[in-house]
Amino acid sequence: MLLESADGSAWLVGCEETMNQTKKIILAITGATGMLYVVELLGLLQQQSIEVHAIISDSGCKVLDLELGKKTAELQGVSHWFAIGDFTAPMASGSCRYDAMIVLPCTVGTLGAVAAGFSGNLIHRAADVSLKERRPLLLAVRETPFNRTHIVNMMTVHDAGAIICPPMGSFYNKPKDLQEMARNFAARVCDQIGIETTGLKRWEGIEDAG
Ligand SMILES: Cc1cc2nc3c(=O)[nH]c(=O)nc-3n(C[C@H](O)[C@H](O)[C@H](O)COP(=O)(O)O)c2cc1C
């Protein structure tokens, strides 16, 4: 929890309070297509009582509205929202501990900023902090096709420690609708950052094989 005090030290207390109790993650939403993934991921995190500190870019707000007709306040499962320009937010400092950061969906613009170490907004800064603190950072980069710059930037952040996990649906598990396809991907994201989920249809081979 974030608590204010006259000498400004209370925010440190706030960080320690949640340490070792609940898993606490940063969810950054940028302006790429794929907001259904966000809804499904938040649902899974909520089931596991994960504390979610969320940031959304201006373009993210726009695409959320265009794709789902939703405002940020209508997204279920966010514990705290932080403004995109708020460099006093806890995730702007490495001294406030988080278990992981997910950028979903991640634009190639945000990817480029992270690759360049450019802290133009709180999402870029939090991603930079995650890398320098050697904490899990997952970027669900969404663009098609990729140009060379995108591919080089993905290599750069991969080599700096990030997980590149583009939102790509799978068909072998026969999702009944887009929601189930999005939930399957969201569960794979949780797998990557060590959060248990229930309901993911996992491949166990072909029963009649051989
Ligand atoms: C409907 C819509 C869909 C978009 N989809 C993508 C996308 O899939 N990938 C991408 O990199 N940018 C996409 N964009 C463009 C980004 O929103 C734009 O480049 C923005 O400046 C990115 O800023 P941000 O990274 O701070 O969110 C889309 C824009 C709109 C309006």
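Two residues are in contact if their C-beta atoms, placed from the backbone, lie within 7 Å. The legends below describe a predicted model.

**View 1. Residues at the contact of helices α4 and α6.** From α4, the residues Val108, Leu111, Gly112, Val114 and Ala115 take part. Their partners in α6 are His150, Asn153, Met154, Thr156 and Val157. By class, the residues of this contact comprise six nonpolar and four polar, with no charged residue.

**View 2. Geometry of the packing between α4 and α6.** Helix α4 spans residues 108-116 and helix α6 spans residues 148-159. The two pack at an angle of about 50°, and their axes lie 9 Å apart. Because of this angle, α4 is oblique to α6. The crossing of the two helices is left-handed.

**View 3. Buried residues of α4 and the elements around them.** Thr110, Leu111, Ala113, Val114 and Ala115 are buried in α4. The buried residues of this helix pack against two strands, β4 (100-106) and β5 (137-141), and against the helices α5 (122-132) and α6. Leu111, Val114 and Ala115, listed here as buried, also belong to the contact with α6.

**View 4. The residue Gly117, just after α4.** Gly117 adopts a positive phi of about 70°.

**View 5. The protein chain as the setting of α4 and α6.** Seven helices and six strands make up the secondary structure of the chain. Starting at the N terminus, the elements follow the order α-β-α-β-α-β-β-α-α-β-α-β-α. The chain has 210 residues, of which 38% count as buried. Among contacts between residues at least 6 apart in sequence, 79% join residues at least 24 apart.

Key: Residues numbered from 1 in each chain as written. Predicted model: local features only at pLDDT ≥ 70, side-chain atom pairs only at ≥ 80, totals over all residues. Axes fitted to C-alpha atoms, helices over the stretch in contact; angles between N-to-C directions. Helix = DSSP H or I, 4+ residues; strand = E, 2+ residues; numbered from the N terminus. Parallel < 35°, antiparallel > 145°, perpendicular 65-115°, else oblique. Left-handed = near helix turned anticlockwise from the far one by under 90°. Nonpolar A, V, L, I, M, F, W, Y, C, P; charged D, E, K, R; others polar. Buried ≥ 20, exposed ≤ 12 C-beta atoms within 10 Å, placed from the backbone.
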